[in-house]
Amino acid sequence: MASARTASASPRPQVIAHRGASGYRPEHTASAYRLAIAQGADVIEPDLVLTKDGVLVARHENDIGDTTDVASRPEFASRRRVQEIDGERFEGWFTEDFTLAELKTLRARERLPQLRPGSARHDGEDQILTFAEVAAIARRESARTGRPIGICPEMKHPAHFRRLGLAFEPIMAAALKAERLDSPSAPVLVQCFEVGPLKTLATLSGAPRVQLVSADGGPADLPGVRYQDMVTAEGLMAIAGYAQAVGPEWRLVLKVDDAGALAGPTPLVAAARAARLKVFPWTVRAENAFLPRALQRGEGPSAHGDPASLLKALYAAGVDGVFCDFPDLAVAARDGESLSPHRP
């Protein structure tokens with residue numbers, strides 16, 4: 001994932017465990033990351049937010065009401081509040097109101113218990129991890145398995161934290177240096193939906209960077225700019241000025257017709273190749289709730305559909321890797337093998 005920018009696709013696309021094996025265990029936990037590696041993931045992905053005392057911790061959002069047991073902890077009841085983040089109003093408990101020591105007293109919970117009751121059975125088993133602890137898992141598992149395990153951290157809401165006096169980029173750069181992940185050849189790829197933080201990080205660290213883009217909206221730090229404009233040929237050339245890869249929502253890579261069926265690749269991968277960018281689409285999930293209509297199976301949003309067809313279509317489109325909540329499924333689809341024996 002950290003090799004020099006290339007105009008051709010990787011011969012073997014990488015499986016990026018999105019928040020760990022988050023289809024099977026509460027996301028961003030040691031259990032989720034270790035299971036993902038056991039299932040064959042090449043890379044583990046932590047979303048990163050900041051604590052009150054400026055420590056990087058792995059959480060999907062800085063609002064931890066849905067992913068920890070904080071709501072059941074009376075000593076933290078007064079921390080619940082309302083604030084605006086990137087133009088949206090949120091009510092909950094936020095990492096920037098807690099020290100690391102306080103967060104370490106909490107336990108992780110499944111964010112989507114109705115869709116993932118099997119994962120929810122593991123609520124309360126794990127603590128919140130720091131970025132350093134996630135990096136240590138990758139190092140230990142690399143040594144144990146004899147294969148390199150990369151790490152793909154995402155800087156979440158840097159503009160919001162900057163307004164609070166917590167500058168994300170120098171903290172990220174210092175953390176990368178401390179973990180020896182600050183060179184162009186390091187097994188790391190730093191992501192962000194915002195543009196400015198990636199440009200700033202490029203001046204502070206040699207770690208490779210990926211610009212995340214969604215099918216809708218635009219970067220929080222650039223009002224008026226749309227992600228759709230950033231994935232044009234011209235927009236991708238601009239991204240190549242400060243990043244080595246683009247991370248598009250998978251619907252920007254594959255067309256879906258009116259019947260909800262996959263209808264071939266969009267021009268994005270070819271345009272990214274012309275810009276000498278790698279492509280890492282996100283996020284493939286197994287549940288019907290996240291699949292196009294033609295790939296849904298069984299009854300209800302929590303039933304598992306046919307993510308293998310989606311994964312195979314992405315690989316066929318020439319991507320360099322795929323973010324997936326179910327690493328075993330992504331490995332099997334890529335390698336043409338039966339499911340991993342490590343599947344729960």
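These questions and answers cover strands, helices and one loop residue of a predicted model.

Q: How many residues of strand β10 are buried?
A: Strand β10 spans residues 209-213 and is mostly covered. Arg 209, Gln 211 and Val 213 point one way, while Val 210 and Leu 212 point the other way. Both groups are buried. The count for β10 is 5 of 5 residues.

Q: Which residue in β10 is the bridge partner of Cys 192?
A: Strand β9 covers residues 190-192. It runs parallel to β10, and 3 bridges join the two. The partner of Cys 192 in β10 is Gln 211.

Q: What is the handedness of the β-α-β unit made by β9, helix α7 and β10?
A: β9 and β10 are parallel strands. Helix α7, residues 196-204, makes up the unit together with them. The unit is right-handed.

Q: Which residue in β11 is the bridge partner of Val 210?
A: β10 is also joined to strand β11, residues 245-248. There are 4 bridges, and the strands run parallel. Val 210 has as its partner in β11 Ala 245.

Q: Which strands are the edges of the open sheet that contains β1 and β2?
A: The sheet has 4 strands in the order β7-β2-β1-β15, with parallel pairing. Inside it, 3 bridges join β1 (residues 14-18) to β2 (residues 43-45), and His 18 has Glu 45 as its bridge partner. An edge strand pairs on one side only, and that holds for β7 (150-151) and β15 (321-324).

Q: Which strands of that sheet does α12 touch?
A: Helix α12 packs on the sheet. Its direction makes about 165 degrees with that of β1. The strands touched are β1 and β15.

Q: Are α11 and α12 parallel or oblique to each other?
A: The axes of α11 (residues 307-316) and α12 (residues 327-335) come within 9 Å. Residues including Leu 311 and Tyr 315 in α11 meet a group in α12 that includes Leu 329 and Ala 333. The crossing is right-handed. The axes cross at roughly 55 degrees, which makes α11 and α12 oblique.

Q: Is Glu 96 buried or exposed?
A: Glu 96 is found in the loop between β6 (88-92) and α2 (100-103). Beyond its neighbours within four places in sequence, its contacts include Lys 52, Arg 81, His 160 and Phe 161. Its relative accessibility is 7%. The cut-off is under 20%, so Glu 96 counts as buried.

Q: How many Å separate the C-alpha atoms of Glu 96 and Pro 74?
A: Glu 96 and Pro 74 are 22 residues apart in sequence. In space, C-alpha to C-alpha, they are apart by 18 Å.

How values were computed: Residues are numbered from 1 along each chain as its sequence is written. This is a predicted model: local features need pLDDT of at least 70, side-chain atom pairs count only at pLDDT 80 or more; totals for chains, interfaces and linings use all residues. Side-chain values use heavy atoms; hydrogens and water are left out. Buried means under 20% relative accessible area, exposed over 50%, partly exposed in between (1.4 Å probe, protein chains only). Two strands pair if DSSP finds at least two bridges between them. A crossover is right-handed if, with the strands pointing away from the viewer, the path from the first strand over the helix to the second runs clockwise. Axes are lines fitted to C-alpha atoms, for helices over the stretch in contact, and angles run from 0 to 180 degrees between N-to-C directions. Angles under 35 degrees count as roughly parallel, over 145 as roughly antiparallel, 65 to 115 as roughly perpendicular and the rest as oblique. A crossing is left-handed if the near helix is turned anticlockwise from the far one by less than a right angle, and right-handed if clockwise. Contact means heavy atoms within 4.5 Å.
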